[in-house]
Amino acid sequence: MKRSRLLVAWLILLLPLTAACAGEDPVVAPSPTVSATAAESPAGDPLILGEGSTGTGIEYTLVLVPGDPVCVQLRQTNGEGDFMLCDEPSGQDFNGDQRLRYAFGGLNPEQVPKFVIGITAEDVERVEVNLAEGESPAVATQSSPAVPERRFFVVMLSPEPAQHVLAVRGLDAAGSTVAGFSLGEPGEGSPSPLPTG
């Protein structure tokens, strides 16, 4: 009788301890959720791909939005404007180039200045935007450990003078075109993939 009471007492003491161990198991513990908003992202967060200013009072952040599909969003830091591009089938795909996706947009009602944002292949080191006149703005692509097989970019186009975009070109480390589209002169039709290699 004494022995059975002692056994019951030990079981009562052991039950809370085994429950605590089960809750600490990393397989059982709930996984943390990933925030896709710039406001909730701490400094150094892999979701923040870049920051900048237009020089006319608009400050912006390029943010990775994880998911299926992965997206990239350009946001005004004050929350007043944004636009987004996702890595999914679009009107660009009928041309056969799925190595670079891009979108044009702005962060204010006037859409000035205009930006080009995009998602591209991991071997694209730089993106260059060829204009009808003058120099072609170019930027280094950004990577994130959250999506290691893709790279991201934002290019701001100067509003003065407004220019027609001839091509969006992805370059590798050697400077060769490995992705992108030719938009051609105004009214020439649909974008077509650039020759690569």
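How many nonpolar, polar and charged residues are there in the lining of the largest pocket? Hold that one for a moment while I say what we're looking at. This is a predicted model, so please hear everything that follows as a description of a prediction.

Okay, the pocket. Sorted by class, its lining has 11 nonpolar residues, 4 polar ones and 3 charged ones. That's a lining of 18 residues, around a space of about 260 Å³. If you want to find the pocket on the screen, go to Leu157, Ser158, Pro159, Ala162 and Gln163, which lie nearest its centre.

While you're in that stretch, have a look at Pro161. The peptide bond leading into Pro161 from Glu160 is cis, with omega near -10 degrees. Pro161 sits in the loop that runs between strand 10, residues 150-157, and strand 11, residues 165-171.

Let me zoom out to the whole chain. We have 197 residues, and 37% of them are buried. The secondary structure comes to 1 helix and 13 strands. Reading along the sequence, you get the helix and then strand after strand: α-β-β-β-β-β-β-β-β-β-β-β-β-β. As for contacts, take the ones between residues at least 6 apart in sequence: 46% of those join residues at least 24 apart. And the accessible surface is about 11,600 Å², with 57% of that belonging to carbon and sulfur atoms.

Now a few spots I picked out. Start with Arg169, since that residue keeps turning up. Thr177, in strand 12, residues 177-182, makes a polar contact with Arg169, side chain to side chain, at 3.1 Å. Is Thr177 buried or exposed? Buried, because its relative accessibility is 13% and the cut-off for buried is under 20%.

Arg169 also shows up in the contacts of Asn130. Asn130 is part of strand 7, residues 126-131. Leaving out residues up to four places away in sequence, Asn130 touches Ser136, His164, Val165, Leu166, Ala167 and Arg169. Asn130 is buried as well, since its relative accessible area is 12%.

Then there's Ala138, in strand 8, which covers residues 138-140. Ala138 and Arg169 are 31 residues apart along the chain, and their C-alpha atoms are separated by 9.2 Å. Which residues is Ala138 in contact with, once we set aside its neighbours within four places in sequence? Those are Arg126, Val127 and Glu128. Ala138 has a relative accessible area of 31%, so we call this residue partly exposed.

Arg126 gets a second mention, this time with Ala173. Ala173 is in the loop between strand 11 and strand 12. In sequence, Ala173 and Arg126 are 47 residues apart, but C-alpha to C-alpha they're 7.8 Å apart in space. With residues up to four places away left out, Ala173 touches Asp123 and Glu125. Why do we call Ala173 exposed? Because its relative accessibility is 72%, and exposed means over 50%.

Next, the loop between strand 5 and strand 6, where there are two backbone details. One is Gln111, which lies in that loop. Its phi is near 60 degrees, a positive value in a residue other than glycine. On accessibility, Gln111 comes out as partly exposed, because the value is 31%. The other is Pro113, also in the loop between strand 5, residues 100-105, and strand 6, residues 114-121. The peptide bond from Val112 to Pro113 is cis, with omega near -5 degrees. So when you inspect the backbone, put Pro113 alongside Pro161, where the bond from Glu160 is cis too.

Last stop, Glu80. Where does Glu80 lie? You'll find this residue in the loop between strand 3, residues 71-76, and strand 4, residues 82-86. Glu80 counts as exposed, because its relative accessibility is 63%. Across the sequence, Glu80 and Leu107 are 27 residues apart, with 7.7 Å between their C-alpha atoms.

That's my tour. If you take one picture away, make it the region around Arg169: the side-chain contact with Thr177, and Arg169 among the residues that Asn130 touches. And then go back to the pocket, with its 18 lining residues.

Key
Residues numbered from 1 in each chain as written. Predicted model: local features only at pLDDT ≥ 70, side-chain atom pairs only at ≥ 80, totals over all residues. Heavy atoms only, no water. 1 Å grid on protein atoms, 1.4 Å probe; cavity = no way out; pocket = protein on both sides within 12 Å on 5 of 7 lines; lining within 4 Å. Points joined across faces, edges and corners; volume = space filled by probe spheres on them. Nonpolar A, V, L, I, M, F, W, Y, C, P; charged D, E, K, R; others polar. Helix = DSSP H or I, 4+ residues; strand = E, 2+ residues; numbered from the N terminus. Buried < 20%, exposed > 50% of the residue type's maximum accessible area, 1.4 Å probe, protein only. Polar contact = N/O pair within 3.5 Å; in protein donor to acceptor, adjacent residues only side chain to side chain. Contact = heavy atoms within 4.5 Å. Areas by Shrake-Rupley, 256 points an atom, 1.4 Å probe, with all protein chains shown as cover.
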